[in-house]
Amino acid sequence: MAFKIVSSPFTHNINNTHRIMRWVIFACLPGIIAQTYFFGYGNLIQILLAIVCALISESFVLYLRKKIIFDYLKDNSAIVTALLLAISIPANSPWWIITIGTCFAIIVAKQLYGGLGQNPFNPAMVGYVVLLISFPVQMTHWPTCLQPLSLVDTLSLIFCNQSTSTIDAMSGATLLDTAKVLLHQGQSLLSENVMQQHYVAWFIINACFLLGGIILMLKKYISWRIPLSILITLSFLSLITWLYNPTLYLSPLVQLFSGATMLGAFFIATDPVTASTTPIGRLIFGALIGALVWLIRTYGGYPDAVAFAVLLGNMLVPLIDHYSQPKVYGH
């Protein structure tokens with residue numbers, strides 16, 4: 001009998017890109033359902049608009065690059081980018097907001113670098129930051145969670161920028177935005193009933209994204225190191241400031257379950273293309289994002305900081321990976 005030696009690897013992993021992206025979409029569903037319940041139909045409309053724009057934009061660039069369009073679209077990466085961007089913006093934003101953001105994310109932040117696997121920055125967060133800097137008014141007015149609009153009013157507001165009925169409370173500041181204003185005014189954060197009302201909605205939304213993140217970790221599609229490092233660092237830093245003065249700083253529980261904390265920790269920062277790849281590097285990468293989220297939320301000019309923190313972390317990934325390489329076996 002001939003003894004044949006073959007090269008490694010000897011095992012086959014059934015996971016591929018489109019399978020992983022499909023599970024990311026499934027894991028987002030609990031958070032999407034919660035957002036739709038509190039903010040109305042606008043959330044679903046923004047998702048549909050973003051997906052259509054993403055597929056058209058990616059197909060256009062692939063056509064110019066003379067690529068087989070379907071072979072690239074079937075990996076579902078464009079849909080995931082569109083989904084993450086759509087659920088990050090106010091539900092009743094004008095249709096051109098999500099259109100501009102999605103096209104920029106796909107064409108500039110993804111395809112101009114060579115497509116999936118070549119982009120150094122998270123495309124969805126690039127699109128979000130461009131929108132936030134360019135259109136701060138539209139990007140900081142969320143629909144009130146206590147009075148969601150009807151489907152007719154939502155469609156009219158998104159596509160015609162006007163409502164078909166008289167509505168007193170249509171949009172307002174989020175929990176983090178209200179806290180930022182009160183903090184700069186030197187007022188107590190404990191006496192605001194509006195904050196307590198908003199916190200219930202955002203607590204449930206973040207809890208649903210946490211549930212989806214746990215599913216991804218159990219399926220081993222994402223590493224536990226990045227989200228756990230983000231949450232521990234954010235909790236530790238916010239605990240210090242909250243114990244120092246609870247009337248001026250948000251508690252760790254509010255920091256963890258408000259804004260885009262859970263969405264950022266489990267679905268955005270864990271992007272396998274733009275995140276750190278070494279075991280120690282992932283812990284450093286997550287700790288850096290958690291610290292930046294706390295720093296920008298507490299002292300920066302923007303209410304939420306997940307997008308800026310992730311992009312700054314992406315910028316440092318090559319440096320982090322270079323100095324956190326594990327030792328080669330035998331050395």
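Which residue forms a salt bridge with R297? In this predicted model, where local features need pLDDT of at least 70, side-chain atom pairs count only at pLDDT 80 or more, and totals for chains, interfaces and linings use all residues, the partner is D304, with the closest N and O atoms 3.0 Å apart. Residues are numbered from 1 along each chain as its sequence is written, and side-chain values use heavy atoms, with hydrogens and water left out.

**View 1. Salt bridges of R297 and K110.** A salt bridge is a side-chain nitrogen of Lys or Arg within 4 Å of a carboxyl oxygen of Asp or Glu, and by this rule the count comes to 2. R297 has a relative accessible area of 6% and D304 one of 19%, so each counts as buried (under 20% relative accessible area with a 1.4 Å probe, protein chains only; exposed is over 50%, partly exposed in between). K110 forms a salt bridge with E58, the closest N and O atoms being 3.0 Å apart. This pair links distant parts of the chain, since K110 sits in the loop between α5 and α6 while E58 belongs to helix α2 (residues 42–64), 52 residues away; both K110 and E58 are buried.

**View 2. Helix α6 and its surroundings.** Helices (H or I, at least four residues) and strands (E, at least two) are DSSP runs, numbered from the N terminus. Of the 12 residues of α6, 9 are buried, so the helix is largely enclosed by the rest of the structure. Among the buried residues are M125, Y128 and L132, and the buried residues of α6 pack (contact means heavy atoms within 4.5 Å) against elements including α4 (77–86), α5 (95–108) and α15 (306–323). At the N-terminal end, N122 caps α6, with a side-chain oxygen 3.1 Å from the backbone nitrogen of A124.

**View 3. Aromatic pairs involving helix α10.** Rings of Phe, Tyr and Trp (its six-membered ring) pair if their centres lie within 6.5 Å, and planes under 30 degrees apart count as stacked, over 60 as edge-to-face and the rest as tilted; the structure holds 10 such pairs. W142 and W202 have ring centres 5.4 Å apart and planes at 75°, so the pair is edge-to-face. Because W142 lies in strand β1 (residues 142–143) and W202 in helix α10 (residues 193–218), the pair ties together parts that are 60 residues apart in sequence. The rings of F209 and F267 are likewise edge-to-face, their centres being 5.9 Å apart and their planes at 75°.

Methods. A polar contact is a pair of N or O atoms within 3.5 Å; within protein, one must be able to donate a hydrogen and the other to accept it, and residues adjacent in sequence count only if both atoms are side-chain atoms.
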